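Here's a quick tour for anyone about to open the model at the bench. Have the viewer ready and follow along topic by topic.

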2 protein chains.
Amino acid sequence: MNKPYVVGMDMGGTNTVFGIVDARGTVISKSAIKTSTHDDVNLYINDIYVELMKLINTAGGIEKIKGIGIGAPNGNYYTGNIEFAPNLPWKGVIPFANLMADKFGIPAALTNDANAAAVGEMTYGAAHGMKNFIMITLGTGVGSGIVIDGKVVYGHDGFAGELGHVNVMRNNGRLCGCGRTGCLEAYASATGVARSAREILETSNKLSLLRNIPSADITSKDVFDAAMQGDEVAKEIFNFTGKILGEAFSDFVAFSAPEAIILFGGLSKAGDLILKPIVENMEKNMLNIWKGKVKVLFSELKEDDAAVLGASALAWEI
Amino acid sequence: MNKPYVVGMDMGGTNTVFGIVDARGTVISKSAIKTSTHDDVNLYINDIYVELMKLINTAGGIEKIKGIGIGAPNGNYYTGNIEFAPNLPWKGVIPFANLMADKFGIPAALTNDANAAAVGEMTYGAAHGMKNFIMITLGTGVGSGIVIDGKVVYGHDGFAGELGHVNVMRNNGRLCGCGRTGCLEAYASATGVARSAREILETSNKLSLLRNIPSADITSKDVFDAAMQGDEVAKEIFNFTGKILGEAFSDFVAFSAPEAIILFGGLSKAGDLILKPIVENMEKNMLNIWKGKVKVLFSELKEDDAAVLGASALAWEI
């Protein structure tokens, strides 16, 4: 094959991971840079260029690369733009696929990071063989990739599947990064879990290992560690988060009746701590016709690889 | 053509309408029976048989009919069953398409009544030429037909698109016919509007024309008539109903990013009384990327015809 490789790139609110992928879906090399420290998108692309060209040159040079597939928050598959992404340093509309194509001199295509993860999961992971599922990414933000009849749902404008921004708290909901209140993301993201911890510690006198950490420094990882040591407050936080997610999932099921909802990203590492309250509350809130029928599964791919592989799949089709 | 006609049948919670449709989509004859008065599904089918055979015989006899397409609440496209429909007199699982095929001796296919209406709208109505839209039926219940990439979404099990049963009131929500609380249907259906009227009249001393009607007898039509005469309480009820719908629509948009949401059924006759608060609240609650981009339209088909035409389209494909 003249061009045996593609690049897959996963842009998160915190980190950006990219890798060279061959036609069999093997990530042959991988690297990463920080997303959050780049206020200027051109400097960000410069830094990616420096790191990624090292991998590309090791693989035989740019002429071996068919194209670049990118998964990015608020990425528009139809236009290649990133538009109004609340968790990225750049505001407004960024023609990111075009900027990358110009920089590298090869074609680039872009989609929502969660859509890319869904494609990765369908091709190589827990959704293998499934035609109808929803991927929920629980990271810095909450994203989603919806697959119906074997195809990612892009909608009329290319932005379908922003389930992190459905409303789960109509009254007195938390302020979300998108500027609205009560979004699922404000509760079920890693930062949402940390906020839940601060709220419960500040509004109660309950004993907790989390009180040993300065309130502003508490992370979702700290909550997980405390829960694993039996801390009741930490377990309560996971139950609360799982309840919010499970209730939201029952509405998602009413929309597309998926075979499974697949959890991906940092928070899914909490295992049964988060899975049990999700399933319990989803079952309790679903219509009778779906009770006991919809699976909730964890991603079977390594966190970095799923998104990189999913994004890379775009590049074969450019 | 050997079999130039199909039958389209729309089963509502109150009435069942059926008609003979030709290949150009003309409803050449039509009749109806009550749904709600039939506790036994076999007697219901007998009554349909008597009425429908009159139309069929006038059209040249059963050998002129290719098949029967049925739109029914909780209808499963894959199995032909009606399963656990909260607004029908029959409980559990009813193999309705098979019962009809056996009774008439011709093939029968079945889908959700709202899915059938969506197909009718896409073929002959306001959604003509659209690939991505959501049909919301505001009748005895609240139903939905979701179209993505030009195809009705059936999901893994054939039941996708039950948007009348997403939760719009997590705490102290109204009891819904499905047995759960807080469903959209408990607020935005014709009966939901009548409930809103009773609630506001019982919990306030506000003057209203609606107080001239015995509380238990108030219908959504009464609320409409009062609002058209300038009644402030009636207008408040439409604003409340529109707010609930608009907020829910903003979440539907986050799912499938449709070009339009199309309103169908009795309540949509309220025109601007319901449309204005829907659009206002949908716009207020949507993510920035969708503001000003998603149309809310009324069905352009006569209420009976849309569902009959949509259901009949199924029968050509049997």
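What follows is a short briefing on how the chains pair up, how chain A is divided, and a few spots to look at.

Keep in mind that this is a predicted model. Chain B lands on chain A after a rotation of 180° with 0.0 Å of shift along the axis, at an RMSD of 0.0 Å. Chain A itself splits into domain 1 (5-119 + 304-316) and domain 2 (129-299).

**How the two chains relate**

- Two copies of a chain are related by a rotation about an axis and a shift along it.
- Here, superposing chain B on chain A takes a turn of 180° and 0.0 Å of shift, and that is the relation of a two-fold axis.
- Both copies use the same surface, with 100% of the contact residues of chain B turning up again in chain A.
- If you want to find the axis from chain B, go to F255(B): among the residues of that chain, its C-alpha comes closest, at 4.1 Å.

**The contact between the chains**

- Chain B puts 32 residues into the contact, and chain A puts in 33.
- On the chain B side, the elements giving two or more residues are β9 (142-148) and α7 (232-256).
- The top contributor on that side is α7(B), with 5 residues.
- By residue type, the chain B side breaks down into 15 nonpolar, 9 polar and 8 charged.

**Two domains in chain A**

- Measure between the C-alpha centres of domain 1 and domain 2 of chain A and you should get 26 Å.
- Each domain of chain A brings 18 residues to the contact between them.
- On the domain 1 side, helix α3 (residues 113-124) of chain A supplies the largest share, 6 residues.
- That domain 1 side is made up of 9 nonpolar, 8 polar and 1 charged residues.

**The five-stranded sheet in chain A**

- Strands of a sheet pair through backbone hydrogen bonds, either parallel or antiparallel.
- Chain A has an open sheet of 5 strands in the order β10-β9-β8-β11-β12, and its pairing is mixed.
- Which strands stand at the edges? They are β10 (151-152) and β12 of chain A; each has a single partner strand, so one side of each has no neighbour in the sheet.
- Strand β11 (residues 260-264) of chain A runs parallel to strand β12 (residues 295-298) of chain A, and 4 bridges join them.
- For landmarks along that pair, I261(A) sits opposite V296(A) in β12(A), while I262(A) has L297(A) as its bridge partner.
- Put helix α8 (residues 272-285) of chain A together with β11(A) and β12(A), and you have a right-handed β-α-β unit.

**A closer look at N115(B)**

- You'll find N115(B) in helix α3 (residues 113-124) of chain B.
- Is N115(B) buried or exposed? N115(B) counts as buried because it has 31 C-beta neighbours inside 10 Å, and the cut-off for buried is 20 or more.
- Leaving out residues up to four places away in sequence, N115(B) touches G71(B), G145(B), V152(B) and G161(B).
- A72(B) is 43 residues from N115(B) along the chain, yet their C-alpha atoms are 9.1 Å apart.

Methods: Residues numbered from 1 in each chain as written. Chains lettered and ligands numbered in written order. Predicted model: local features only at pLDDT ≥ 70, side-chain atom pairs only at ≥ 80, totals over all residues. Pairing = 2+ DSSP bridges. Right-handed = clockwise from strand over helix to strand, strands pointing away. Contact = placed C-beta atoms within 7 Å. Nonpolar A, V, L, I, M, F, W, Y, C, P; charged D, E, K, R; others polar. Least-squares fit on C-alpha atoms with pLDDT ≥ 70 in both. Buried ≥ 20, exposed ≤ 12 C-beta atoms within 10 Å, placed from the backbone. Domains from an automatic or database assignment.
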